[in-house]
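Student: I want a close look at one part of this model. Please pick one and stay with it, then show me what surrounds it.

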Amino acid sequence: MIVLNGGSSSGKSGIVRCLQSVLRDPWLAFGVDTLVQAMPPSMRASDAGIEFGANGEVVVGPEFRTLEAAYIQGIAAMAHAGARVIVDEVFLGGAASQRRWQQALGGLRVLWVGVRCESSVAAGREVARGNRVTGMATTQAEVVHRGVSYDLEVDTTHRESMECARTVAARVE
């Protein structure tokens with residue numbers, strides 16, 4: 001199991017795609033975006049679900065937390081059943097978010113990877129992508145790492161996704 005944590009537009013998704021191409025065995029990939037897209041549209045603009053503020057802030061409510069807990073347990077069940085899984089996450093709650101995953105992944109070998117990127121570079125990527133709320137990259141760049149423990153950190157500010165993926169893969173194999 002590999003868990004990548006970083007702010008919006010930090011380069012996690014690119015690293016995940018590269019990891020899937022360089023790792024010897026097949027790995028499944030899931031991300032918080034998968035969870036959000038799977039939710040009914042009504043939950044993407046609800047104080048009980050998830051709200052994206054005009055300045056890039058993200059607020060999650062109780063219904064989101066309930067579905068997130070089930071999602072985490074489902075991913076953990078696949079890993080416990082023998083699937084190799086890469087998770088692309090944004091720990092909005094820092095250490096508390098990591099603890100939710102650690103509890104579900106108990107007993108599994110997990111590589112915790114911090115994906116860092118200077119906020120100005122991530123903000124530029126955010127604009128280029130065109131599918132993110134402006135400000136998310138800057139708002140999340142540091143907060144997602146607060147209190148989180150990593151086995152490895154990569155910085156995509158000046159490194160390509162493939163180079164970062166090879167660094168991660170070297171720790172897995």
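Tutor: Let's start with helix H6, where Met 136, Ala 137, Gln 140 and Ala 141 are buried. Buried means under 20% relative accessible area, exposed over 50%, and partly exposed in between, for a 1.4 Å probe and protein chains only. Look down the axis of H6: those buried residues fall within an arc of 125°, so they line one face of the helix. The arc uses the directions from the helix axis to the C-beta atoms.

Some ground rules. This is a predicted model, where local features need pLDDT of at least 70 and side-chain atom pairs 80 or more, while totals for chains, interfaces and linings use all residues. Residues are numbered from 1 along each chain as its sequence is written, and side-chain values use heavy atoms, without hydrogens or water. Helices (H or I, at least four residues) and strands (E, at least two) are DSSP runs, numbered from the N terminus.

What covers the buried residues of H6? The cover includes E3, E4 and helix H5 (119–129). Contact here means heavy atoms within 4.5 Å.

Now the empty space. A probe the size of a water molecule, rolled over the atoms, shows where such space is left. On a 1 Å grid over the protein atoms alone, a cavity is a set of points where a 1.4 Å probe fits but cannot get out; a pocket is an open set with protein on both sides within 12 Å along at least five of seven lines; lining residues have an atom within 4 Å of a point. Points are joined across faces, edges and corners, and a volume is the space filled by probe spheres set on them.

The count is 1 cavity of 30 Å³ or more. Its volume is about 30 Å³. Two residues of H6 that we have met as buried, Ala 137 and Ala 141, are in its lining. The others there are Gly 7, Ser 8, Ser 10, Val 115, Arg 116, Cys 117, Ala 122 and His 145. Which elements give two or more residues to this lining? They are strand E6 (111–116) and helix H6 (136–143).

Follow Ala 137 to Ser 9. Leaving aside neighbours within four places in sequence, Ser 9 is in contact with Ala 137, Ala 122, Arg 125, Glu 126, Arg 129 and Arg 132. Ser 9 sits in the loop between strand E1 (2–5) and helix H1 (12–22). Is Ser 9 buried or exposed? Its relative accessibility is 6%, so Ser 9 counts as buried. Its backbone deserves a glance too. Ser 9 is not a glycine, yet its phi is positive, about 65°.

Two of those contacts, Arg 129 and Arg 132, turn up again at an open space. The largest pocket holds about 870 Å³. It is lined by 47 residues, and the closest to its centre are Arg 129, Arg 132, Lys 12, Val 32 and Asp 33.

Next, use Val 115 from the cavity lining as a link to helix H1. Ile 15 lies in that helix. Ile 15 counts as buried because its relative accessibility is 0%. Beyond its neighbours within four places in sequence, Ile 15 is in contact with Val 115, Leu 4, Val 154, Thr 156, Ser 161, Cys 164 and Ala 165. Take Leu 4 as an example: Leu 4 and Ile 15 are 11 residues apart in sequence, and their C-alpha atoms are 8.9 Å apart in space.

Finally, go back to E3 and E4, part of the cover of H6. They also meet helix H3. Its buried residues are Phe 64, Glu 68, Tyr 71, Ile 72, Ile 75, Ala 76 and Ala 79. Seen down the axis, these fall within an arc of 135°, so they line one face of H3. They pack against strand E3 (50–52), strand E4 (58–60), strand E2 (28–31), strand E5 (85–89), helix H2 (32–38) and helix H4 (95–104). The face turned away from this buried side carries the exposed residues Pro 62 and Thr 66. Just after H3, Gly 82 takes a positive phi of about 110°.

One residue of H3 is worth a stop: Glu 68. Its relative accessible area is 8%, so Glu 68 is buried. Apart from neighbours within four places in sequence, Glu 68 is in contact with Leu 35 and Arg 100. Glu 68 and Arg 100 are 32 residues apart in sequence, but 9.8 Å apart in space, C-alpha to C-alpha.
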